[in-house]
Amino acid sequence: MSHTSFSRLGSLLLLLASLMSFGLALYAWLTPLTGVTGTLGALGVVIASVVLALLTLALRRTVRHGARLFCIIVTLFVLIGIGFAALLLHQGLITAAMVLGLVGLILLSRRAAQSPRYVRD
């Protein structure tokens, strides 16, 4: 597979993971008898899922190596944070979505690790 197909697949997996976590957390926050109805933790996961989607779009557009590395690290922390919060909320499907997002981040970051380095004179 070429670098662009890895990048495209990785960003697709990350967006899919963020949409899944957004939908599942919003369902858990709004639906009675889920155990987390109206809690701040579920609302935090909803907001963090939107941030994850925005970071995915930003990561897709960044070209400079330093900015790309910063976006990758921040995205990794957001993935870990959402996954941990979902475990505390007893929402295992959201944690599984974050594992899927981690696979997407690994595929998306392959381009950053294998990009050619240019020497300035």
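The exchange below goes through the terms applied to this predicted model and the values behind them.

Me: What makes up the chain, in helices and strands?
Reply: The chain has four helices and zero strands. From the N terminus on, the elements run α-α-α-α. Of its 121 residues, 36% count as buried.

Me: Why is L33 called exposed?
Reply: The relative accessible area of L33 is 88%. Exposed means over 50%, so L33 with its 88% is exposed. L33 is placed in the loop between helix 1 (3–30) and helix 2 (40–61).

Me: What is noted about the phi of L33?
Reply: Phi of L33 is near 70°, a positive value in a residue other than glycine. Most residues other than glycine have a negative phi.

Me: How do you know that H90 is exposed?
Reply: H90 has 72% relative accessibility. The cut-off for exposed is over 50%, and therefore H90 at 72% counts as exposed. H90 belongs to the loop between helix 3 and helix 4. Just after helix 3, H90 takes a positive phi of about 60°, and H90 is a residue other than glycine.

Me: How do you know that the span of helix 2 agrees with the expected one?
Reply: The expected span is 1.5 Å times one less than the number of residues. For the 22 residues of helix 2 that should be 32 Å, and the end C-alpha atoms are 32 Å apart, so the two agree.

Me: Which residues of helix 2 are buried?
Reply: In helix 2, the buried residues are A42, V45, V46, S49, L52, A53, L55, T56 and L59. Buried means under 20% relative accessible area.

Me: Why is L57 called partly exposed?
Reply: L57 has 45% relative accessibility. Partly exposed covers what is neither under 20% nor over 50%, so L57 at 45% counts as partly exposed. L57 lies in helix 2. L57 and S11 are 46 residues apart in sequence, and their C-alpha atoms are 7.9 Å apart in space.

Me: How do you know that the span of helix 3 agrees with the expected one?
Reply: At 1.5 Å a residue, the 24 residues of helix 3 should span 34 Å; the end C-alpha atoms of helix 3 are 35 Å apart, which agrees.

Me: Which residues of helix 3 are buried?
Reply: R68, C71, I72, T75, V78, L79, I82, G83 and A86 are buried in helix 3. An α-helix has 3.6 residues a turn, so residues three or four places apart point the same way.

Me: What makes G81 partly exposed?
Reply: Partly exposed lies between under 20% and over 50%; G81 is at 37% relative accessibility, so G81 counts as partly exposed. G81 lies in helix 3. The C-alpha atoms of G81 and A48 are separated by 8.5 Å, with the two positions 33 residues apart along the chain.

Me: Why is A85 called partly exposed?
Reply: Buried would need under 20%. A85 has a relative accessible area of 24%, and so A85 is partly exposed. A85 is found in helix 3. A85 and G41 are 44 residues apart in sequence and 7.0 Å apart in space, C-alpha to C-alpha.

Me: Which residues make the nonpolar surface patch?
Reply: L69, I73, L76, F77, I80, L102 and I106 make a nonpolar surface patch of about 640 Å². Helix 3 (65–88) and helix 4 (92–113) are the elements that give two or more residues to the patch. The largest share, five residues, comes from helix 3.

Me: What makes L69 fit the accessibility cut-off for a patch?
Reply: A patch residue needs over 30% relative accessible area. L69 has 44%, so L69 passes that cut-off and is partly exposed. The place of L69 is in helix 3.

Me: How do you know that the charged end of R110 sits over the ring of F6?
Reply: The distance cut-off is within 6 Å of the ring centre, and the charge must also be within 35 degrees of the ring normal. The charged end of R110 sits over the ring of F6, 4.2 Å from its centre.

Me: How many aromatic pairs are there?
Reply: Ring centres must lie within 6.5 Å to pair. By this rule the count is zero aromatic pairs.

Note on methods:
Residues are numbered from 1 along each chain as its sequence is written. This is a predicted model: local features need pLDDT of at least 70, side-chain atom pairs count only at pLDDT 80 or more; totals for chains, interfaces and linings use all residues. Side-chain values use heavy atoms; hydrogens and water are left out. Patches are made of residues with over 30% relative accessible area and no salt bridge: like charges are joined within 9 Å, nonpolar side chains (Val, Leu, Ile, Met, Phe, Trp, Tyr) within 5 Å. Accessible areas come from the Shrake-Rupley method with a 1.4 Å probe; for residues, only the protein chains shown count as cover. A salt bridge is a side-chain nitrogen of Lys or Arg within 4 Å of a carboxyl oxygen of Asp or Glu. Buried means under 20% relative accessible area, exposed over 50%, partly exposed in between (1.4 Å probe, protein chains only). Rings of Phe, Tyr and Trp (its six-membered ring) pair if their centres lie within 6.5 Å; planes under 30 degrees apart count as stacked, over 60 as edge-to-face and the rest as tilted.
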